[in-house]
Amino acid sequence: MGRSSGKQTSTKFVLILSCGGLLGAALIADLLWASSSYSSSAYMSIASNWAPQIHQSTIIVPKKVDKKPQEGPAVKDNKDAIPDRVLSATFADLPGPELQWEKMAAAPVPRLDGAAIQIKNLLYVFAGYGTIDYVHSHVDIYNFTDNTWGGRFDMPKEMAHSHLGMATDGRYIYIVNGQYGPQCRGPTTHTFVLDTETKKWQDMPPLPVPRYAPATQLWRGRVHVMGGSKENRHTPGLEHWSLAVKNGKALENEWRTEIPIPRGGPHRACVVVDDRLFVIGGQEGDFMAKPGSPIFKCSRRNEVVYSDVYMLDDEMKWKVLPPMPKPDSHIEFAWVIVNNSIIIVGGTTEKHPVTKKMVLNGEVIQFNLDTLKWSVVGKLPYRVKTTLVGVWNGWLYFTSGQRDKGPDDPAPKKVIADMWRTKLSL
Ligand SMILES: *[C@@H]1O[C@H](CO)[C@@H](O)[C@H](O)[C@H]1NC(C)=O
Ligand SMILES: *[C@@H]1O[C@H](CO)[C@@H](O)[C@H](O)[C@H]1NC(C)=O
């Protein structure tokens, strides 16, 4: 990284790398929160515009231009120097078909790192950051039958505002607390159950230790909680616990220890299909509170994003399945099951190798559980992470999250309330 030569192009490269290093060490999260100037009406044209550019072939690798002789003798300090490479910011986009997206009524509030559970024709949308300094403490409901928002109600005041774990049995929603408060505060051990028919909340036994954005799912009558980050928000936890539940009641007083997950960390999709439990994607590491900051100000730390897919079945041993088409994180509520496939909307992938900027994903991907094959279903209106997703009558819906800066810049910018849908055909 400290390589240098007397050539102009190289100097520029080294500068970029040095900046990247600094950014990697501690980039203040506020950068990612800057307000956006995109008007919502521009979205559809963006959707059709960015498609041709997003192809692996957009990786631009110009050869180092040899210095002109009149600039003096070259300083050769490293004869094995690699030629300069300029990697397009959009290098991670995967080719895929266009989808026709229809813009629906926007959610009452923008949300980042919120949570969502679909029960029949209703999408319950919980919590989330409105801005880095403001978090929501209520639920909004989207009705897929008449495509309207309504039914707002409050969350318990002890309930976390982001990075929650959630699962449902079709009436009750079981909730594992994530991060309590704005910026980069830590998680708590609280758990809750919501009866969606009465809108009543109850406590459940607390987790043995706090977890931040753990994989959470209801499987064989037990709520399973695994992975996530530990109290400092960054260190991956491998622990896996479960609790027997029935009709909104815990049947046990404490969580049972289960087989640890092979890789810990937050922001994964956790899905039960056909009596098997899948844990998909996610990352190790996350933003942390700046030491000593009274507001727990977020500062960026190293993150590694994964494409891993793990499965538990009868044997209760983790099995490794074919990996995702690329690493994908921030997808805990970004999936639905359709026709024995898991469909995942957006997310984040590995940071840009040169600029170190966070890179968002702009695809809808499919994991076919008959063939265990991944494919790209199509493109989103823009790249976006922490989407909240539902499916109704063959329509795939997504709302919320944080979108990209624009077609040529996949770094995160505006926190959105938008709701979109597209007709799925798998
Ligand atoms: C959803 O919309 C349908 C059609 O307007 C309506 O009949 C139904 O009561 C709504 N559900 C809720 C929970 O509001
Ligand atoms: C799911 O499968 C059924 C039966 O093959 C088909 O009619 C339907 O269109 C499929 N749904 C999607 C979203 O592709």
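Here are a few notes on this predicted model, taking in one strand and its partners, two unusual backbone angles and two ligand sites.

1. Let's start with β9, which covers residues 172–176. The strand is mostly covered, with 5 of its 5 residues counted as buried. Y172, Y174 and V176 point one way, while I173 and I175 point the other way. In a regular strand the side chains alternate between the two faces of the sheet. Here the residues on either side of β9 are all buried.

2. On one side of the pairing is β8, residues 165–168, which runs antiparallel to β9 and is joined to it by 4 bridges. If you want a landmark for the register, take M166, whose bridge partner in β9 is I175. β8 and β9 make a hairpin, with 3 residues between the two strands. Have a look at G170 in that turn: its phi is positive, about 105°.

3. β9 also pairs with β10, residues 191–195. This pairing is antiparallel too, and runs over 5 bridges. I175 turns up again here, with F192 as its bridge partner in β10. So I175 is a handy residue to click on, because it is bridged to M166 of β8 and to F192 of β10, and it is buried, meaning that 20 or more other C-beta atoms lie within 10 Å of its own.

4. Now for a backbone angle worth checking by eye. H267 is not a glycine, yet its phi is positive, at about 70°. You'll find H267 in the loop between β16 (256–257) and β17 (269–273). Is H267 buried or exposed? It counts as buried, because it has 30 C-beta neighbours inside 10 Å.

5. T386 deserves the same check. This residue is not a glycine either, and its phi is positive at about 50°. T386 sits in the loop between β29 (384–385) and β30 (388–392). With 31 C-beta neighbours inside 10 Å, T386 counts as buried.

6. On to the ligands. Around ligand 1 are L122, N143, T145 and D146. That shell breaks down into 1 nonpolar, 2 polar and 1 charged residue.

7. Which residues are around ligand 2? They are V338, N339, G394, L424, S425 and L426. By type, the shell of ligand 2 has 3 nonpolar and 3 polar residues, with no charged ones.

Terms used
Residues numbered from 1 in each chain as written. Chains lettered and ligands numbered in written order. Predicted model: local features only at pLDDT ≥ 70, side-chain atom pairs only at ≥ 80, totals over all residues. Near = placed C-beta within 6 Å. Nonpolar A, V, L, I, M, F, W, Y, C, P; charged D, E, K, R; others polar. Buried ≥ 20, exposed ≤ 12 C-beta atoms within 10 Å, placed from the backbone. Pairing = 2+ DSSP bridges.
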